Amino acid sequence: MEVEAKFAIPNRKVYGQLTRVRELAGFSLVPAGHALVADRYLDTDDGRLQAAGYACRLRADEGAVIATLKGLGGAEGAVHRRLEEEVRLTAWSPDPTSWPESAARTLALELAGGAELRPLFDLNQRRARADLLDGDRRVGQLSLDRVWLDLTAPHRPVRSGSYHELEIELTPAGTEADLAVIAGELATVWGLLPESRSKFERGLALVQIQRAETAQFEAARPALEAHATGAEPELARRAAVLLAYADGLPMREAALRGGLSIGRARYWLRAFRAKQMAIFGAPKADSDHTARVDAHAAAGATTDASPQVPGTSEVPGTWGELLRADVSEAAGGQGTAQPAPAPAALLSVAAFCREHGVDMAHGRFVAAQARLLFDALRPVHGLPGKRRRLLKQAALLHTLAAAQDPKRSGEAGRDLILAQPLRGVSTADRLALACITAFNRDKVRPKREPTMNALDEQSRPQVLALTALLRVAEALDFSRTQTTEIQSLEGLDASRCEVVVSGPHAEMDALHATGRADFWYEQFQQELVFLPVAAGDRKIATAGERPADDAALAVITSAVTAETPAGAPPLTLPAPPLPEAQPLLSDEPMSEAGRKVIHFHFGRMLYHEPGTRLGEDPEALHDMRVATRRMRAAFQLFAPYYEAKTIKPLGRALRRTGRTLGAVRDLDVLLGKAHAHAASLPAEQADGLAPLLADWQARREVARRQMLDYLDSDDYRQFVSAFERFLTTPGAGAVAIPAGEPTPRQACHIVPQIILARFEQVRAFEPIVGSSAPGSADGAPVEMLHRLRIECKGLRYAMEFFRELLGPEAAGLIKQVVGVQDLLGELQDACVAESLIAEFLAQQRRKRRKQQEARLDGVEAYLAAQQAIQTAQIARFPEPWAALVGADFRRGLMLALAAV
């Protein structure tokens with residue numbers, strides 16, 4: 001008796017997370033390697049084994065060949081109990097008479113009754129194994145499988161898309177109580193759904209639908225051939241594609257044969273599966289072509305070359321649907337072609353979303369906000385009330401493929417919807433949902449979306465209106481916290497409508513929603529502006545309630561009217577407070593101290609993000625970049641106390657964020673200083689800087705567009721989400737401390753040595769810098785001073801991170817380090833400016849235009865000014881440097897560290 005638990009893994013992201021788990025429900029997980037496993041399932045032509053309730057499998061696994069007879073059924077939720085007989089073979093052989101004497105051989109011969117076993121389908125899987133241990137007791141083996149199905153029967157070959165699955169098979173030492181505990185944690189903590197079907201049942205269903213589709217094509221072949229030779233080129237191309245596909249050609253080759261793009265070819269294949277010959281339109285009574293089609297169709301009806309399969313007019317559109325279909329009836333069949341799944345077996349929208357790993361909490365929140373906007377803005381969009389349900393479904397589906405294909409989530413989600421009939425969703429509504437999902441991208445281009453062409457004239461503007469509403473509602477949860485809620489609307493019928501929202505992340509979400517309202521303006525020439533306000537200042541319903549559908553507009557407008565008198569001054573929104581630092585404790589582990597330090601600056605980064613996006617105050621960008629710099633410094637400092645595999649991906653994303661912000665901030669600094677210099681000059685001399693300023697401004701605009709694109713990207717959103725989970729999960733990624741070993745782990749053990757190590761790195765420059773003037777013949781080169789500046793910054797950040805643990809001397813010491821760092825920063829800024837100015841001059845002179853050369857005097861003068869700044873900063877350097885490495889600083893540092 002085989003006892004195992006099966007769970008469906010929703011997507012690759014969860015699959016990857018599970019491969020890194022080393023403890024589950026109190027049991028240790030010890031990796032046992034990876035393997036490529038090839039299975040072939042067999043049965044007689046008339047399905048005798050299946051009818052008797054068995055599946056026959058040949059498996060090649062790590063050089064061994066094993067034949068297995070498995071009982072069908074026996075699943076209770078995730079737990080499967082099945083009779084199983086197996087025998088090890090010396091070679092791959094589907095003939096049971098050649099198998100060694102065994103119970104499996106005897107059972108196979110008895111069930112087959114002398115008939116030959118033939119292939120049904122192949123199943124290939126990449127399997128990651130791990131042993132589940134309770135001390136020395138091996139409870140079971142966990143397998144993480146990525147599975148592909150290949151049909152090998154003598155009809156049209158096809159390979160299914162892959163899916164992921166988790167299996168836990170009990171060993172003789174394991175008990176079902178152990179299995180129940182493990183399965184409980186997978187269901188509650190990981191949120192995995194039990195998989196009640198075996199891989200054989202999934203593959204069998206694929207066989208059934210393939211046979212049904214083969215019957216469809218064969219029944220329609222005479223009519224398709226008539227259309228392919230007809231006089232209407234469009235219909236001929238359409239028919240040629242379907243015939244080529246029915247003959248076994250891959251879709252790309254079938255599209256080429258028919259003269260269509262692969263996208264259009266796939267569209268017509270999906271349409272044929274759903275509507276059959278109706279895709280060729282109504283016949284014309286006086287057409288010779290129609291007569292030929294009718295004649296061929298009649299011939300096909302009397303000379304059916306393939307078995308007809310009941311119910312094939314509603315064959316689902318993808319093999320992926322088949323893998324999820326209920327195959328309980330097929331398991332008890334007689335091996336003949338079974339009916340395709342009945343409409344009742346189709347998935348609902350919510351179940352379809354769960355199958356694809358959709359964040360349901362986010363989807364439902366977006367749906368609620370979208371419907372609220374739908375009700376309030378109905379005088380503007382004028383959509384019928386029945387479209388409200390479609391909007392809810394679109395909100396759940398719009399991120400359908402975000403995890404699997406983040407770069408093309410809109411198109412990938414559209415294709416999944418087009419290929420998947422859904423319970424309670426008409427074909428017309430499914431087309432609309434696919435179109436709305438396809439528009440879940442930065443730019444909406446209706447004319448480039450092929451699904452729009454399949455919609456009727458009345459549905460197209462409605463789809464665009466729903467898209468506009470959904471884009472705004474989705475942006476209201478940009479923070480992915482489900483906390484930003486609409487409080488009131490003002491100016492519903494005006495050219496500018498203000499929407500007041502509240503919540504702890506309202507400022508960020510409101511800014512993003514205002515940006516995503518561009519498509520609403522394009523459709524209705526109404527500007528939607530979202531304004532954040534402190535939670536509780538305005539209210540349209542009690543907590544957890546929403547106004548009744550028909551009364552929503554009245555409630556919202558009355559709330560605004562009652563609180564905003566006519567002629568009142570504009571609403572002044574209070575800025576939310578900056579995040580507060582959590583106090584550090586001298587006896588806490590370094591991993592948790594690091595989590596507090598990084599989390600504080602992470603909060604500041606998010607706090608300044610709205611202002612950075614807005615771009616009105618350059619200090620917002622400066623502060624956001626400083627927060628990322630400090631996080632990067634903290635990452636380097638605390639890295640030894642976290643597992644590398646946990647923090648490396650976060651570190652890479654953080655560096656990318658810092659570089660993207662820095663590209664704009666550096667140009668802001670250059671432009672600010674250049675404008676200040678120009679303001680100090682007479683007007684005629686200031687005009688000479690215009691070419692340089694124009695060049696730098698153009699560079700800044702490019703860098704800012706790139707920055708905004710990154711901040712709007714899925715990559716940034718995923719980074720923020722993953723980083724927040726890491727920072728708010730105590731113990732996440734922390735390096736394990738050996739039990740009973742005197743390993744330094746607390747802040748009081750380690751902080752002094754960290755700060756001293758950074759001070760030592762600063763003092764290492766003494767032999768190079770000395771006491772002479774840097775930059776002179778016997779001093780340090782400017783490049784070396786830039787490296788010294790970086791080390792000073794590291795010392796400063798380390799002291800600031802642990803400021804509350806240090807003695808009172810720390811404040812003055814930090815101020816000294818900041819003075820040297822700022823001085824060297826001015827020097828570095830001047831060096832960078834000099835380099836860029838020289839590069840600009842070289843480019844202009846290569847143009848060899850006299851009128852251009854005459855305008856470069858101001859730029860050359862600014863170059864000389866930057867060189868003068870460098871000379872002045874170098875002359876100022878020796879005194880603060882001597883104090884930084886002097887005895888007083890060292891003495892103060894020791895006193896500050898003594899308090900830790």
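**Figure 1. Packing of helices α23 and α27 in the predicted model.** Helices α23 and α27 are oblique to each other, because their axes cross at roughly 135°, and an angle counts as oblique when it fits none of the classes roughly parallel, roughly antiparallel or roughly perpendicular. The two axes, of α23 (residues 590-614) and α27 (residues 690-711), come within 10 Å. The crossing of this pair is left-handed. On the α23 side the contact is made by T612, R613 and L614; on the α27 side it is made by R704, M707, L708 and L711. Sorted by class, the contact of α23 with α27 holds four nonpolar residues, one polar residue and two charged residues.

**Figure 2. Packing of helices α20 and α23.** The axes of α20 and α23 lie 8 Å apart, and the packing angle is about 25°. Angles under 35 degrees count as roughly parallel, and α20 and α23 are therefore roughly parallel to each other. The crossing in which α20 passes α23 is left-handed. From α20, residues E507, M508, L511 and H512 take part, and they meet L606, E609, P610, R613 and L614 of α23. The contact of α20 with α23 consists of five nonpolar, one polar and three charged residues. R613 and L614 of α23 belong to this contact and also to the contact with α27.

**Figure 3. Packing of helices α19 and α20.** Helix α19 covers residues 459-475 and helix α20 covers residues 506-516; their axes come within 7 Å and cross at roughly 160°. This crossing angle makes α19 roughly antiparallel to α20, the cut-off for that class being over 145 degrees. The crossing of α19 and α20 is right-handed. R471, V472 and A475 are the contributions of α19, and they meet D509, H512, A513 and R516 of α20. By class, the residues of the contact of α19 with α20 comprise three nonpolar, one polar and three charged. H512 of α20 takes part here and also in the contact with α23.

**Figure 4. Helix α17 and its surroundings.** Helix α17 runs over residues 427-438. At 1.5 Å a residue, its twelve residues should span 16 Å, and the C-alpha atoms at its ends are 16 Å apart, which agrees. Nine of the twelve residues of α17 are buried, so the helix is largely enclosed by the rest of the structure. The buried residues are R430, L431, A432, L433, A434, C435, I436, T437 and A438. Among the elements that cover them are α15 (387-397), α16 (409-418), α18 (450-454) and α19.

**Figure 5. Surroundings of R238 in helix α6.** R238 is part of helix α6, which spans residues 233-246. This arginine counts as buried because its relative accessibility is 6%, and the cut-off for buried is under 20%. Leaving out residues up to four places away in sequence, R238 touches L260, W268, I279 and F280.

**Figure 6. Surroundings of A104 in helix α3.** A104 is located in helix α3 (residues 103-112). The relative accessible area of A104 is 1%, so the residue is buried. Apart from neighbours within four places in sequence, A104 is in contact with L69, E85, E86, V87 and W99. A67 is 37 residues away from A104 along the chain, and the C-alpha atoms of the two residues are separated by 7.6 Å.

**Figure 7. Loop residues A25 and Q525, with positive phi.** Most residues other than glycine have a negative phi. A25 has a phi near 55° and lies in the loop between β2 (23-24) and β3 (27-43). A25 counts as buried because its relative accessibility is 17%. Q525 has a phi near 50°. The loop that holds Q525 is between α21 (518-524) and β15 (527-533).

**Figure 8. The chain as context for the close-up views.** The chain contains 36 helices and 15 strands. Of its 900 residues, 50% count as buried. Among the contacts in the chain with a separation of 6 or more, 72% are between residues 24 or more positions apart.

How values were computed. Residues numbered from 1 in each chain as written. Predicted model: local features only at pLDDT ≥ 70, side-chain atom pairs only at ≥ 80, totals over all residues. Heavy atoms only, no water. Axes fitted to C-alpha atoms, helices over the stretch in contact; angles between N-to-C directions. Helix = DSSP H or I, 4+ residues; strand = E, 2+ residues; numbered from the N terminus. Parallel < 35°, antiparallel > 145°, perpendicular 65-115°, else oblique. Left-handed = near helix turned anticlockwise from the far one by under 90°. Contact = heavy atoms within 4.5 Å. Nonpolar A, V, L, I, M, F, W, Y, C, P; charged D, E, K, R; others polar. Expected span 1.5 Å × (residues − 1). Buried < 20%, exposed > 50% of the residue type's maximum accessible area, 1.4 Å probe, protein only.
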